[in-house]
Amino acid sequence: MKVTLKDGSSKEYEQNMSVYDIARDISEGLARAACAGEVNGEVVDLRTVITEDCSLNILTANDPAGLSTIRHTTSHVLAEAVKRLFPNAKLAIGPSIDTGYYYDFEAEPFSREDLDNIEKEMKKIIKEGHALERFTLPRDEAIRFMQEREEPYKVELIEDLPEDAEISFYDQGGFVDLCAGPHLMSTKGIKAFKLTSSSMAYWRGDSNRAQLQRIYGTAFQKKDELKEYLEYLADIKNRDHNRLGREMELFTTVDVIGQGLPLLMPKGTKMVMKLQRWIEDLEDNEWGYVRTKTPFMAKSDLYKISGHWDHYKEGMFVLGDEEKDKDKEVYALRPMTCPFQYFVYKATQKSYRDLPCRYGETSTLFRNEDSGEMHGLTRVRQFTISEGHLIVRPDQMVEEFKGCLALAKHCLTTLGLQDDVTYHLSKCDPANPDKYIGSPEVWKQTEQHLRDVLTELEIPFVEDVGEAAFYGPKVDINAKNVYGKEDTMITVQWDELQAEQFDMYYIDQNGDKVRPFIIHRTSIGCYERTLAWLIEKYAGKFPTWLCPEQVRVLPISEKYVDYAEQVRAELAKNGVDVSVDSRAEKIGYKIRDARMARLPYMLVVGQNEEADGTVSVRSRFAGDEGVKPLGEFIDAICREIRTKEIREEVPQEK
C-alpha cells in the first residue's frame with residue numbers, strides 16, 4: 001500500500017501498518033512526539049491500523065488535534081482518579097476544550113483540597129503508565145456493560161445512539177470509559193497538567209436536568225508551556241471583573257436581593273454616570289437624537305402587538321396570570337423600549353420631511369435570564385442600556401444604518417475597545433420559521449442589505465444562523481471576557497416589519513401614507529456589561545476621564561492638610577474628582593495605598609509646594625512627573641479628561 005505524507009513524499013509497505021509504526025519508520029523522534037494521526041483528513045489513534053492507500057499526517061502537540069489528544073487522555077486520567085478517591089461518583093462526560101479539558105461528575109462539590117488530592121492521584125496513574133486499549137461492543141452489550149458498572153449517564157448516552165451502532169471504549173489498566181477517542185498510547189504520554197477549578201454544571205446543559213460537578217484542567221506537552229499558561233490564568237483571574245469589581249468596591253451582590261440584580265456602589269455608579277452623560281450628550285448634540293422617557297412596564301396588550309408575547313414571553317417578567325385573573329389586566333416589565341417609542345412617534349403625524357426620527361433613551365430593562373447564566377455584571381436580570389430607535393424612510397435606511405455603525409465604532413474607539421471586537425451578521429434560521437415574523441423573501445432581502453453594508457464599509461464579519469431577533473436580522477458587535485466567553489456588546493438591527501404591526505406611517509410628497517423602516521440600535525450597549533468589559537480590559541486602571549477618583553492629594557504631614565484642601569477645592573471647581581488623604585500616616589504608606597487603588601494621579605504637597613503654589617505630581621503613567629504649578633497641572637488634567645485621552649502606562653519601580 002502507498003501512504004502519502006504531509007510533505008508530499010510517500011512510503012510504500014507490503015503489510016498493514018499502524019500509524020505509530022509508520023511514525024517510527026519515518027523517525028524515532030517523530031514516534032516519541034506523535035500524539036495521533038490524521039488519515040484522509042480524519043483524526044485517529046496512533047494504534048489505528050492502515051490497510052490501504054491513504055494520505056497520512058502524524059500529529060504532535062504542535063498540532064491542535066494532537067494537543068487535544070493529550071488533553072482528552074488527561075480527562076480520562078482525571079476520571080479514574082476521581083473514581084479511586086470518590087468511588088460513589090458517577091461519570092458523565094469529559095471532553096477536551098480549547099483551554100484544556102473538563103469532566104462532569106455526579107458528586108458532592110469539590111474543594112480546592114479535593115482537587116489537590118485528585119492531582120496527586122493523577123500523577124500516580126500517569127507514573128503507572130497504563131496502556132490505553134480500545135475495544136468495541138454492540139449497542140445492547142454496551143448498555144449492559146455500563147449498567148453493571150452503575151454509570152447511568154453513560155447508559156443514557158449509549159441509548160441515544162442508533163440501534164446498529166458499534167460502541168467504543170478505552171481501558172487503561174482496568175479503568176474503562178465510554179469514548180470515541182482518539183487517545184495517547186499510554187498515560188505516560190502526559191507530561192504537564194494542572195486542575196484549575198471546579199464548578200456546577202447541568203447534565204447536557206439543561207437547567208431542568210441533574211446538577212453535576214465539573215472539574216476543569218489543562219495539559220501541555222512541556223512544563224514550561226504549562227507554566228506560561230498558569231501565569232496567564234493568574235493574570236486573567238486578577239482581571240476578572242467579578243473579583244476585581246468587588247475588590248475595587250464598584251459593585252456587589254446580595255442573595256436576599258436576588259441573582260442577576262447587582263448593586264452598583266458609589267464608585268461604580270460614578271463610572272456609569274460618566275458613561276451615560278457622555279453617551280447622551282454625544283447622541284443628542286452630535287448625532288441628532290432626541291430623548292424619550294417611557295414606563296418600565298406595560299399591559300400585555302402592547303407586547304401582543306409587537307409579537308414579544310408570542311415570541312419572547314418566557315424571557316419576560318410577567319405581573320399577573322391571564323388564565324387565573326381573567327378580569328384583571330396583566331402587566332409585564334419591559335424587556336426593550338421599542339414598542340414604547342413607537343407610540344411616541346405615533347403621537348403626532350409625521351411627513352417625509354420629519355424623517356429620520358432618531359429617538360434615544362437610557363433604558364432600564366428586565367429580562368428573565370436563566371439562573372445558570374448569571375455572571376457578575378455581564379449577564380443580569382435588570383440592566384440599563386443606551387437604547388435607540390430610528391424611524392426612517394426606506395430610501396434613508398442604508399445611510400442611517402451606516403451612521404449607527406459609525407457611532408458604535410466611535411464609542412468603541414473612545415473607550416479603547418475597538419480592537420477587541422468581532423462583527424457578526426445575525427440571521428434567521430430557515431429551519432425554524434415559526435420563530436420569526438415576516439416572509440422568507442423579506443428576510444432574504446434584509447439580510448443581503450446588511451451583508452452589502454458591512455462589505456462596503458470593509459468590516460470583516462461572520463454570519464451566525466439563528467441569532468436574529470424574531471422581527472429582523474442584525475449586526476452584533478461581540479467581545480470575549482477574560483475567560484474567552486463571547487457576549488454581544490452592541491447591536492444594530494434592521495426592521496421592515498414592526499411598522500406594519502403598529503400602524504406607523506408618514507405622509508410622503510404625494511400625500512400618501514407610507515410605512516417607515518426602523519433601526520433598533522445601541523451605541524455603547526448595556527452599561528453594566530460595558531463596565532465589566534472595561535474592568536477586565538484595563539485591570540481596573542481606567543482612563544483618567546472614567547475614574548471615579550482621578551486625583552488624590554497627599555499632604556506629607558498634618559501641617560499641610562489645609563493647603564491640600566485648597567488644592568482639592570481648585571481641582572473640584574474644575575470638575576475633577578479629587579480627594580485628600582489626611583490620615584496621620586507616613587507619606588510612603590499613602591503613596592502605596594493610592595497605587596493599590598489604581599489612581600491616575602497623586603499630588604504630594606508639603607512646605608515647598610505650599611510656599612510656591614505647586615504640587616509634586618506622581619502618576620500611573622510616568623511615575624514621578626516632578627513639581628508643577630497647580631494651574632499647569634489643572635490645565636493638563638482637564639485637557640486629558642475633556643479629550644478622553646488614553647495615556648499609555650510605563651513600568652514603574654516597586
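Trainee: What volume does the largest pocket have?

Mentor: This is a predicted model. In it, the largest pocket comes to about 1,600 Å³.

Trainee: Which residues lie nearest the centre of the largest pocket?

Mentor: Start from the centre and work outwards. S197, S199, R214, Y216 and Y483 lie nearest the centre, out of 46 residues that line the largest pocket.

Trainee: Which element gives the most to the lining of the largest pocket?

Mentor: Strand β14 does, with nine residues. β14 spans 192–202, and β10 (100–106), α4 (112–128), β15 (211–220) and α7 (223–239) also supply at least two residues each.

Trainee: How do the residues of that lining divide by class?

Mentor: The lining of the largest pocket has 19 nonpolar, 16 polar and eleven charged residues.

Trainee: How much space lies in the second largest pocket, and what lines it?

Mentor: The second largest pocket holds about 1,300 Å³. Its lining has 42 residues, with Y312, R367, E467, A469 and K474 nearest the centre. Two or more lining residues come from each of α11 (308–311), β23 (382–392), β26, β27 and β30 (517–526). The most come from β27, which gives seven. By class, 15 lining residues are nonpolar, 14 polar and 13 charged.

Trainee: Now the closed spaces. How many cavities of 30 Å³ or more does the structure hold?

Mentor: A cavity differs from a pocket in that a probe placed inside cannot get out. The structure holds two cavities of 30 Å³ or more. The largest has a volume of about 80 Å³.

Trainee: Which residues line the largest cavity?

Mentor: The lining is made of T378, A479, K480, N481, K485, D487, M489, R529, A532, W533 and E536. To place them, go by element: β26 (474–480), β27 (486–495) and α16 (527–538) give two or more residues each. Helix α16 gives the most, with four. Five residues of this lining are charged, four nonpolar and two polar.

Trainee: What should I look for in the second largest cavity?

Mentor: Read the lining of the second largest cavity in the same order, residues and then elements. V442, W443, T446, Y471, G472, P473, W494, D495, E496 and L497 line this cavity, which encloses about 30 Å³. Helix α14 (440–456) and β27 each supply at least two of these residues, and the largest share, three residues, is from α14. The classes are six nonpolar, two polar and two charged.

Trainee: Why look for a nonpolar core at all?

Mentor: Because nonpolar side chains tend to be buried together in soluble globular proteins. Here the largest nonpolar core has 73 residues, and F542 and L571 have the most contacts inside it. Helix α13 (residues 397–415) gives the most to this core, with nine residues.

Trainee: Which residues does L571 touch?

Mentor: Leaving out residues up to four places away in sequence, L571 touches V551, V576, V578, L603, F633, I634 and I637.

Trainee: How many residues does the second core have?

Mentor: The second core is separate and has 30 residues, among them Y303, C428, L497 and F502. L497 is also one of the residues that line the second largest cavity.

Methods:
Residues numbered from 1 in each chain as written. Predicted model: local features only at pLDDT ≥ 70, side-chain atom pairs only at ≥ 80, totals over all residues. Heavy atoms only, no water. Core = buried A, V, L, I, M, F, W, Y, C linked by side-chain atoms within 4.5 Å. Buried < 20%, exposed > 50% of the residue type's maximum accessible area, 1.4 Å probe, protein only. Contact = heavy atoms within 4.5 Å. 1 Å grid on protein atoms, 1.4 Å probe; cavity = no way out; pocket = protein on both sides within 12 Å on 5 of 7 lines; lining within 4 Å. Points joined across faces, edges and corners; volume = space filled by probe spheres on them. Nonpolar A, V, L, I, M, F, W, Y, C, P; charged D, E, K, R; others polar.
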